[in-house]
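Student: I've got a model open and I'd like to talk through it with you. Can we go question by question?

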Amino acid sequence: MAKYRLGKRSLRELEGVHADLVAVTKRAIELTPQDFSVHDGLRTLAEQQRLVERGASKTLSSRHLSGHAVDLVPYINGKLRWEWEPLYLVADAMRLAAQELSIPIRWGGAWDQTLTECVDCPEDLATDYAARRRQAGCRAFLDGPHFELPVALYPA
Ligand SMILES: [Zn+2]
């Protein structure tokens, strides 16, 4: 039996999101040892503009605008928690679910790789990604709750 299920608010956030990503998210909540909420699914351009202004997002061509991305935030003792340890558990569950369904996904903790093709634990993937960015002289923008369908296979 699955331990957790998506609440009403999470299901509402999934409205308008691509069916493949919805399927992965729904499977992940059955597999995860860490409860999570769908904090953000489909976004309007106005919402995206506000996030960029606040520095919470880096781009106006976000995959959230076309329904190809979701933000999954750990839910602990009745609160949403942006913390890495539980985020890694959610990323693991998303990878497992996506592999089971043969749907490739990309994770905001290691943007330059396809999560479903990686074998390292999410913590190592994020640490290595940040190190690669630093080596290239760039700042690493890690977005642990963010999962998306690869643009090459799912054009906007
Ligand atoms: Zn996101």
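Student: Where is Ser 102 placed, between which elements?
Tutor: This is a predicted model, by the way. Ser 102 is exposed, at 64% relative accessible area, and its phi is positive, near 55°, in a residue other than glycine. Its place is the loop between helix 4 and strand 4 (106-107).

Student: And Asn 77, what is its phi?
Tutor: Asn 77 sits in the loop between strand 2 and strand 3. It counts as exposed, with 77% relative accessibility. Although Asn 77 is not a glycine, its phi is positive, at about 50°.

Student: Is strand 1 largely enclosed or open, and how many of its residues are buried?
Tutor: Strand 1 covers residues 36-40 and is largely enclosed by the rest of the structure. Val 38 lies in this strand and has a relative accessible area of 0%, so it is buried. For the strand, the count of buried residues is four of the five.

Student: Which residue in strand 2 is the bridge partner of Phe 36?
Tutor: Strand 1 and strand 2 (residues 69-76) run antiparallel, with four bridges joining them. Within that pairing, the strand 2 partner of Phe 36 is Pro 74.

Student: How far apart are the C-alpha atoms of Val 38 and Leu 6?
Tutor: Along the chain, Val 38 and Leu 6 are 32 residues apart. In space, their C-alpha atoms are separated by 8.0 Å.

Student: Let's do charges. Which residue forms a salt bridge with Arg 43, with the closest N and O atoms 3.0 Å apart?
Tutor: Arg 43 is buried at 9%, and Asp 40, buried at 15%, forms a salt bridge with Arg 43 at 2.6 Å, so that isn't the one you're after. The 3.0 Å contact joins Arg 43 to Asp 71. Arg 43 is in the loop between strand 1 and helix 3 (45-54) and Asp 71 is in strand 2, so this pair ties together parts that are 28 residues apart in sequence. Your residue is also buried, with a relative accessible area of 9%: Asp 71.

Student: What separates Glu 30 and Arg 27 within helix 2?
Tutor: Their side chains meet in a salt bridge, 2.6 Å from N to O. Both are partly exposed, Glu 30 at 42% and Arg 27 at 25%. Being three residues apart in helix 2 (residues 19-31), they are separated by about one helical turn.

Student: Which residue is linked with Arg 27 and Glu 30 in a network of salt bridges?
Tutor: In general, side chains of opposite charge can pair when their charged atoms come close. Here, the network takes in Arg 27, Glu 30 and one further residue, Glu 100.

Student: On the surface, which helix gives the most to the negative patch?
Tutor: The patch is formed by Glu 85, Asp 120, Glu 123, Asp 124 and Asp 128. Glu 85 is in helix 4 (residues 84-101) and is exposed at 52%. The biggest share, three residues, comes from helix 5 (residues 122-135).

Student: And how much accessible area does the nonpolar patch have?
Tutor: One of its members is Trp 82, in the loop between strand 3 (79-80) and helix 4, exposed with a relative accessible area of 51%. Tyr 75 and Leu 80 join Trp 82 in the patch, and together they have about 300 Å².

Methods:
Residues are numbered from 1 along each chain as its sequence is written. This is a predicted model: local features need pLDDT of at least 70, side-chain atom pairs count only at pLDDT 80 or more; totals for chains, interfaces and linings use all residues. Side-chain values use heavy atoms; hydrogens and water are left out. Buried means under 20% relative accessible area, exposed over 50%, partly exposed in between (1.4 Å probe, protein chains only). Helices (H or I, at least four residues) and strands (E, at least two) are DSSP runs, numbered from the N terminus. Two strands pair if DSSP finds at least two bridges between them. Patches are made of residues with over 30% relative accessible area and no salt bridge: like charges are joined within 9 Å, nonpolar side chains (Val, Leu, Ile, Met, Phe, Trp, Tyr) within 5 Å. Accessible areas come from the Shrake-Rupley method with a 1.4 Å probe; for residues, only the protein chains shown count as cover. A salt bridge is a side-chain nitrogen of Lys or Arg within 4 Å of a carboxyl oxygen of Asp or Glu. Lys and Arg count as positive and Asp and Glu as negative; His and the chain ends are not counted. The place of a charge is taken as NZ of Lys, CZ of Arg, CG of Asp or CD of Glu.
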